[in-house]
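Hi everyone, thanks for coming. Let's take a few minutes to walk through a structure together, starting with one strand and working outwards.

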Amino acid sequence: MSVFESELLPKLPLDSLLAEVQSRLQAVVAARDGVHALLEAVVSIGRELDLETALRRIVEAAIDLVDCRYGALGVIGPDGQLAQFVPIGVTVEEIARVAQWPHGRGLLGLLIKEPETLRLAEIGDHPESYGFPEGHPPMRGFLGVPIRIRDDVFGNLYLTEKNGGREFDEQDETIVTALATAAGIAIENARLFEASRRRETWLDASAEVTQALLSGSSVDEALTLIATHARTMSSAASAVVVAPEADGSGLMRVLAAAGDGAPPLRGLRFSGTGTLTQTVLESGEPRSVAEIRRGVEPSPLLDRLPTGPAMLVPLGTRPRVRGVLVLVKGIGDPPFAGAVMRMLHAFASQAAVGLELADARKEAERHGLVDDRERIARDLHDVVVQRLFASAMSLTAAARLIDRPDVAARVERTVDDLDATIRQIRSTIFALQSAKEDVTGTLRGRLVTTVQSASEQLGFAPGLQLVGELDTSVPAELGDQLVPVLQESLSNVVKHAHASQVTAVVELTGGWLRVTVADDGVGLPAERRNSGLANLAERAELLGGRFAAGRGATGGTVVRWEIPATPRAGREPRP
């Protein structure tokens with residue numbers, strides 16, 4: 001104490017001296033309480049390992065320490081803009097009314113460019129003030145402090161509107177700066193924990209998707225699994241998988257969906273022209289947007305999905321991009337972080353590899369099945385048919401040596417049965433070989449498909465014999481008539497015959513095309529509706545042919561429809 005002070009103290013009134021002592025004691029107590037509160041806040045945020053929770057807890061602790069109304073934490077992205085903004089003190093309704101999400105301009109941008117503590121009594125008086133967007137709550141006082149992780153600036157802590165109309169003071173600045181230092185350590189720990197957890201989740205999800213694909217699960221199930229895991233990994237509200245149609249129409253289809261409002265989208269078709277989905281599909285690069293806006297994505301997708309932050313990730317790499325994984329958050333949610341985008345891109349790429357492996361496995365199985373069918377067809381032709389043919393020839397020769405007419409007739413009937421069996425086996429050989437080539441566009445292929453479709457309704461496989469050069473010698477306009485005739489005939493059997501055996505013969509012989517369908521059912525009723533049979537009769541008449549339906553030799557019904565193999569000018573039959 002100086003001589004001047006020692007001379008002055010005795011002259012001070014006692015009340016003033018006591019007030020000064022009390023004021024200094026209150027300041028010491030306030031400082032002590034502030035330190036305790038700061039220590040509690042540091043311990044509190046240090047316990048958080050979830051990054052999103054840690055960021056919110058940091059802002060809440062800062063608001064409590066300096067007793068203000070609003071606070072936010074802005075995370076700086078690689079491009080120098082705000083990649084994430086965590087506001088506290090503003091309701092969801094108030095956020096929805098704000099016309100534009102902060103991007104890092106004005107004072108926020110100044111702190112990004114010059115990461116130093118900034119304290120203002122009036123925001124609007126600063127020359128860098130950018131103003132507030134429409135719908136933003138009014139704010140006056142401001143305190144901004146950078147958050148550093150080692151030598152890198154992670155983001156900035158923003159505080160406004162100190163309660164009671166007071167201004168932020170030097171002590172507030174000191175406390176928040178200390179909190180920001182501890183926050184940097186807490187954020188780094190949370191980031192390391194999140195990276196470890198993300199890696200574990202990614203490995204588990206990739207393993208499950210790959211196992212499902214390689215164990216024989218359908219592609220639809222695998223895509224749904226991909227959408228479900230991607231939604232969980234990214235904390236998205238909805239996830240859909242979109243792919244272009246294979247018919248080259250330029251349309252896209254939603255193949256799988258998971259999350260809020262997503263399941264009804266499955267199977268939805270829309271035009272991808274001018275959309276982000278089409279851009280990602282063509283470029284093979286992921287895209288992230290702060291929010292989906294109408295006019296950017298097709299409206300059928302927007303009508304059922306949240307319109308918050310979105311991320312679009314390609315399934316595969318160029319030039320083999322199989323589809324696009326679209327992930328959307330809710331309104332007011334923070335955008336997808338860069339680490340999440342990289343993780344989802346790696347996950348989608350690995351899932352695409354699994355899809356390719358599954359396709360290769362199925363193709364190998366298909367080739368194996370085709371080889372087996374071809375081998376069976378070859379064995380039937382080279383062994384069974386030849387032996388039956390030889391047996392028929394032997395019986396024919398033996399029939400000439402038989403004196404008794406009844407025995408000879410029986411042998412001839414056996415030879416006829418063998419011929420019918422050979423024709424049936426040859427039809428089976430054709431059906432087996434049809435899997436090797438794409439014959440669905442040929443007349444034989446269409447007839448086989450018609451019979452196979454009837455098998456599901458009958459409960460058994462009808463016999464089919466195809467005789468003659470149907471694919472090469474039958475004009476297209478007549479071939480187009482055979483398919484509906486066979487379909488109508490088999491349909492009548494399904495509806496009315498109650499048969500256990502059906503045989504269909506389509507043949508080109510002697511300049512005539514014939515369709516014969518025989519069954520062992522209940523036969524034609526005495527009184528019947530002739531609409532189906534009348535259509536067949538009319539179709540034959542218009543083409544210069546004949547139609548008959550009656551009882552078979554051993555019961556059941558036989559339908560015979562035949563027309564000349566040369567087209568006839570006249571009225572066009574109904575399709």
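**Strand 16 and its surroundings**

Let me begin with one pair: Ala 518 has Val 558 as its bridge partner in strand 16. A word on what we are looking at: this is a predicted model, where local features need pLDDT of at least 70 and side-chain atom pairs count only at pLDDT 80 or more, while totals for chains, interfaces and linings use all residues. Residues are numbered from 1 along each chain as its sequence is written, and side-chain values use heavy atoms, with hydrogens and water left out.

Helices (H or I, at least four residues) and strands (E, at least two) are DSSP runs, numbered from the N terminus. The chain has 15 helices and 16 strands.

Now, which strands pair with strand 16? Two strands pair if DSSP finds at least two bridges between them. Strand 14, residues 512-519, pairs with strand 16 in the antiparallel sense over eight bridges. Strand 15, residues 546-551, is also antiparallel to strand 16, with six bridges. Along that second pairing, Arg 546 is bridged to Glu 562, and Ala 548 to Arg 560. Five residues lie between the strands in this hairpin, and Gly 555 there takes a positive phi near 105°.

Stepping back, these strands belong to an open sheet of five, in the order 12-13-14-16-15, with mixed pairing. Strand 12 and strand 15 stand at the edges with a single partner strand each, so one side of each has no neighbour in the sheet.

Is strand 16 buried or exposed? Six of its eight residues, in the stretch 557-564, are buried, so the strand is largely enclosed by the rest of the structure. Buried here means under 20% relative accessible area, with a 1.4 Å probe and protein chains only.

That brings us to the largest nonpolar core, which has 34 residues. Such a core is a set of buried Ala, Val, Leu, Ile, Met, Phe, Trp, Tyr and Cys residues joined through side-chain atoms within 4.5 Å. Leu 447, Leu 470, Leu 486 and Trp 561 have the most contacts inside it. Helix 14 and strand 16 are among the elements that each supply at least two residues of this core, and helix 14 gives the largest share, eight residues.

Finally, Trp 561 touches, among others, Leu 482, Leu 513, Leu 536 and Phe 547; contact means heavy atoms within 4.5 Å.

Notes
Buried < 20%, exposed > 50% of the residue type's maximum accessible area, 1.4 Å probe, protein only. Lists of a residue's contacts leave out its neighbours within four places in sequence.
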